[in-house]
Amino acid sequence: MALSLGWKAPRSRCGLLLQAVRNSGLLLFPCGQCPWRGAGSFLDPEKKAFLEENTEVTSSGSLTPEIQLRLLTPRCKFWWERADLWPHSDPYWAIYWPGGQALSRYLLDNPDVVRGKSVLDLGSGCGATAIAAKMSGASRILANDIDPIAGMAITLNCELNQLNPLPILIQNILNLEQDKWDLIVLGDMFYDANLADSLHQWLKNCFWTYGTRILIGDPGRPQFSGHSIQHHLHEVVEYSLPEPTRQENNGLTTSTVWDFQP
């Protein structure tokens, strides 16, 4: 069973995504530009067909039944196949992680947080939190992930929810000059100690330079709960996770949204 071996909860115990950050190429889609223009990976009909064939459209088992997503589920072949048979980079985007679920639920329930504002969804994955921001009236959104396949998945998920495709940045944004955002949201990104340190400093710079509000979603991973960032967090809301999410995340039972105020 591939997911139990390598994919099912890798953010809680390994740094594979950090390695992917270091090895990622550059595919850049500036704000206002449709994400498929000028990028073969977004146009490739074979990859699109592969994703559609090997993911399931679902809105159940999460905190946000309003949002439909293409995910890997037990009814998908690659949930059971060996992980090395998956032909692309590890599909972290294909799991709706609990931190992202909490952020998305919070934005849907509190649209004033994003209405009319610019929002950066850092480590967007399946794009659920960016989609929640759009549904709640954000004026400008950028979904950022290092995996080009995630970019395609985000576009497909926008279509599922009757939304125009969102602008997408496929690059390690921590290496770029910082831009001004009203709000930055990031879920499940504190899974590796070195990445956590880099994120902490980058987020502090965003806050000090632009006064950006920063919301973090996390279910209590040790790399987050034991990090010095805890001294600058204010709890916003805690959610009880649905049973399917608990089972997919080693029994984690809750997920919290935190306001970062250094």
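**Figure 1. Arg115 counts as partly exposed, with a relative accessibility of 46%, in this close-up of a salt bridge from a predicted model.** The partner of Arg115 is Asp112, and the two side chains meet with a nitrogen-to-oxygen distance of 2.3 Å. Asp112 has a relative accessibility of 55% and therefore counts as exposed, since the cut-off for that class is over 50%. Arg115, at 46%, falls below that cut-off and so is placed in the partly exposed class. A search of the whole structure finds ten salt bridges, and the pair of Asp112 and Arg115 is shown here as one of them.

**Figure 2. A salt bridge within helix α4 joins Glu52 and Lys48.** The side chains of these two residues meet at 2.8 Å, taken from N to O. Both residues belong to helix α4, which covers residues 45-54, and they are four residues apart, or about one turn of the helix. Are Glu52 and Lys48 buried, partly exposed or exposed? Glu52 has a relative accessible area of 33% and is partly exposed, and Lys48, with a relative accessibility of 33%, is likewise counted as partly exposed.

**Figure 3. Two further views of charged side chains show the pair Asp182 and Lys180 and the network of Glu66, Arg105 and Asp109.** In the first view, Asp182 forms a salt bridge with Lys180, and the closest N and O atoms of the pair lie 4.0 Å apart. Asp182 is partly exposed, its relative accessible area being 33%, while Lys180 also counts as partly exposed, at a relative accessibility of 42%. In the second view, the three residues Glu66, Arg105 and Asp109 are linked to one another in a network of salt bridges.

**Figure 4. The surroundings of Cys126, in the loop between β3 and α7.** The strand that comes before this loop, β3, spans residues 118-122. Cys126 has a relative accessibility of 5% and so counts as buried, a class that takes in residues under 20%. Which residues does Cys126 touch, when those up to four places away in sequence are not counted? The contacts are with Leu69, Leu71, Trp93, Tyr96, Ile154 and Asn157. One of these contacts, Leu71, is 55 residues away from Cys126 in sequence, although the two C-alpha atoms are 7.9 Å apart in space. For the protein chain as a whole, residues 24 or more positions apart account for 71% of the contacts that have a separation of 6 or more.

**Figure 5. The largest cavity, with about 140 Å³ of space.** The structure holds one cavity of 30 Å³ or more. This cavity is lined by 15 residues, of which Gly100, Gly123, Ser124, Gly187 and Asp188 are the closest to its centre. Two elements, α6 (98-109) and α7 (128-135), give two or more residues to the lining. Sorted by class, the lining of the largest cavity has six nonpolar, six polar and three charged residues.

**Figure 6. Two residues with positive phi values, Asp188 and Gln162.** Asp188, which is among the residues closest to the centre of the largest cavity, has a phi near 65°, a positive value in a residue other than glycine. The loop that holds Asp188 runs between β6 (183-187) and α9 (193-210), and the residue counts as buried, at 2% relative accessibility. Gln162, also a residue other than glycine, has a positive phi near 55°. Gln162 lies in the loop between α8 (148-160) and β5 (168-169), and at 67% relative accessibility this glutamine counts as exposed.

**Figure 7. The second largest pocket, with about 260 Å³ of space.** Of the 19 residues in the lining of this pocket, Thr58, Ser60, Leu71, Thr73 and Glu248 are the closest to its centre. Which elements each supply at least two residues of the lining? These are the strand β2 (69-71) and the helix α11 (243-248), and α11 gives the most, with three residues. The lining of the second largest pocket divides into nine nonpolar, eight polar and two charged residues. Leu71, named here for its place by the pocket centre, is also one of the residues that Cys126 touches.

Definitions and conventions:
Residues are numbered from 1 along each chain as its sequence is written. This is a predicted model: local features need pLDDT of at least 70, side-chain atom pairs count only at pLDDT 80 or more; totals for chains, interfaces and linings use all residues. Side-chain values use heavy atoms; hydrogens and water are left out. On a 1 Å grid over the protein atoms alone, a cavity is a set of points where a 1.4 Å probe fits but cannot get out, and a pocket is an open set with protein on both sides within 12 Å along at least five of seven lines; lining residues have an atom within 4 Å of a point. Grid points are joined across faces, edges and corners, and a volume is the space filled by probe spheres set on the points. Ala, Val, Leu, Ile, Met, Phe, Trp, Tyr, Cys and Pro count as nonpolar, Asp, Glu, Lys and Arg as charged, and the others, Gly among them, as polar. Contact means heavy atoms within 4.5 Å. Buried means under 20% relative accessible area, exposed over 50%, partly exposed in between (1.4 Å probe, protein chains only).
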